[in-house]
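I opened the notebook for one protein chain today. My plan was to go from the whole chain to single residues.

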Amino acid sequence: QLQASGGGLVQAGGSLRLSCLAPGITFSKYTVAWYRQAPGKQRELVAAMSIGRTRNYADSAKGRFTISRDNAENTMYLQMTSLKSEDTAVYLCNVKRGSVSYWGQGTQVTVSS
């Protein structure tokens, strides 16, 4: 079970850093990703990072969010800056290796305008 943290209430234009601990796996062998789900909307991919550290971002996240990983600590991060009200959602972390996929419980991010 992944353990996400770092969410909270922030004003528009502010920043947050999400963390996700992935205990009990060989973390370096997994692709990592952050998703988000807003009320009434489908879950969407925000950012992903391969084992080779190639990063991919949703258009809405480009230039504002940065995904990173610390394989020694089995932890992934999502640094979010210039937050907008439309970034309000539950953010979920995911690790995947082949057909194996694990999800965190989600952390709420609320951006007030």
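**Burial, whole chain.** I call a residue buried when its relative accessible area is under 20%, exposed when over 50%, and partly exposed in between. By that cut-off, buried residues make up 41% of the 113 residues in the protein chain. I noted at the outset that this is a predicted model.

**Secondary structure.** I counted zero helices and 11 strands in the protein chain. Reading along the sequence, I wrote the pattern down as β-β-β-β-β-β-β-β-β-β-β.

**Overall dimensions.** I looked up the radius of gyration and found 13 Å for the protein chain. That agrees with a compact globule, because 113 residues would give a value near 13 Å. Along the principal axes, the C-alpha atoms fill a box of roughly 40 × 25 × 25 Å.

**Contacts, surface and charge.** I took the contacts in the protein chain with a separation of 6 or more. Residues 24 or more positions apart account for 53% of these contacts. The exposed area of the protein chain is about 5,900 Å², and carbon and sulfur atoms supply 46% of it. I also listed charges: 13 positive and 6 negative side chains. The centres of the two sets lie 6 Å apart.

**Nonpolar core.** Which residues have the most contacts inside the largest nonpolar core? I found Trp34, Leu78, Met80 and Tyr91, in a core of 29 residues. Two or more residues of this core come from each of strand S3 (16-21), strand S4 (31-37), strand S5 (44-49), S7, strand S8 (75-80), strand S9 (89-97) and strand S11 (107-112). S9 gives the largest share, four residues.

I then followed Leu78. Leaving out residues up to four places away in sequence, Leu78 touches Leu16, Arg17, Leu18, Trp34, Val46, Ala47, Phe65, Thr66, Ile67 and Tyr91. Two of the residues with the most contacts inside the core, Trp34 and Tyr91, are thus on the Leu78 contact list.

**Ser19.** I placed Ser19 in strand S3. Is Ser19 buried or exposed? I logged Ser19 as buried, because its relative accessibility is 19% and the cut-off for buried is under 20%. Beyond residues up to four places away in sequence, Ser19 touches Gln3, Ala4, Ser5, Trp34, Thr75, Met76 and Tyr77.

**Ser68.** I found Ser68 in strand S7 (residues 65-70). Its relative accessibility is 22%, so Ser68 counts as partly exposed. With residues up to four places away in sequence left out, Ser68 touches Met49, Arg55, Met76 and Tyr77. Met76 and Tyr77 were already on my list for Ser19. I also checked Ser68 against Thr107: they are 39 residues apart in sequence, and their C-alpha atoms are 17 Å apart.

**Lys41.** I located Lys41 in the loop between S4 and S5. At 58% relative accessibility, Lys41 counts as exposed. I paired Lys41 with Met80, 39 residues apart along the chain, and their C-alpha atoms are separated by 20 Å.

**Positive phi: Asn74.** I found phi of Asn74 near 50°, a positive value in a residue other than glycine. Asn74 is in the loop between S7 and S8. I recorded Asn74 as buried, because its relative accessible area is 16%.

**Positive phi: Ser82.** Phi of Ser82 is near 50° too, again a positive value in a residue other than glycine. Where is Ser82 found? I placed Ser82 in the loop between S8 and S9. With a relative accessible area of 40%, Ser82 is partly exposed.

Which residues are in contact with Ser82, leaving aside its neighbours within four places in sequence? I listed Gly13, Gly14, Ser15, Arg64 and Asp87. I then looked up the pair Ser82 and Ala12, which are 70 residues apart in sequence. Their C-alpha atoms are 6.9 Å apart in space.

How values were computed
Residues are numbered from 1 along each chain as its sequence is written. This is a predicted model: local features need pLDDT of at least 70, side-chain atom pairs count only at pLDDT 80 or more; totals for chains, interfaces and linings use all residues. Side-chain values use heavy atoms; hydrogens and water are left out. The radius of gyration is taken over C-alpha atoms; the globule rule is 2.2 Å times the number of residues to the power 0.38. Buried means under 20% relative accessible area, exposed over 50%, partly exposed in between (1.4 Å probe, protein chains only). Contact means heavy atoms within 4.5 Å. Accessible areas come from the Shrake-Rupley method with a 1.4 Å probe; for residues, only the protein chains shown count as cover. Lys and Arg count as positive and Asp and Glu as negative; His and the chain ends are not counted. The place of a charge is taken as NZ of Lys, CZ of Arg, CG of Asp or CD of Glu. A nonpolar core is a set of buried Ala, Val, Leu, Ile, Met, Phe, Trp, Tyr and Cys residues joined through side-chain atoms within 4.5 Å.
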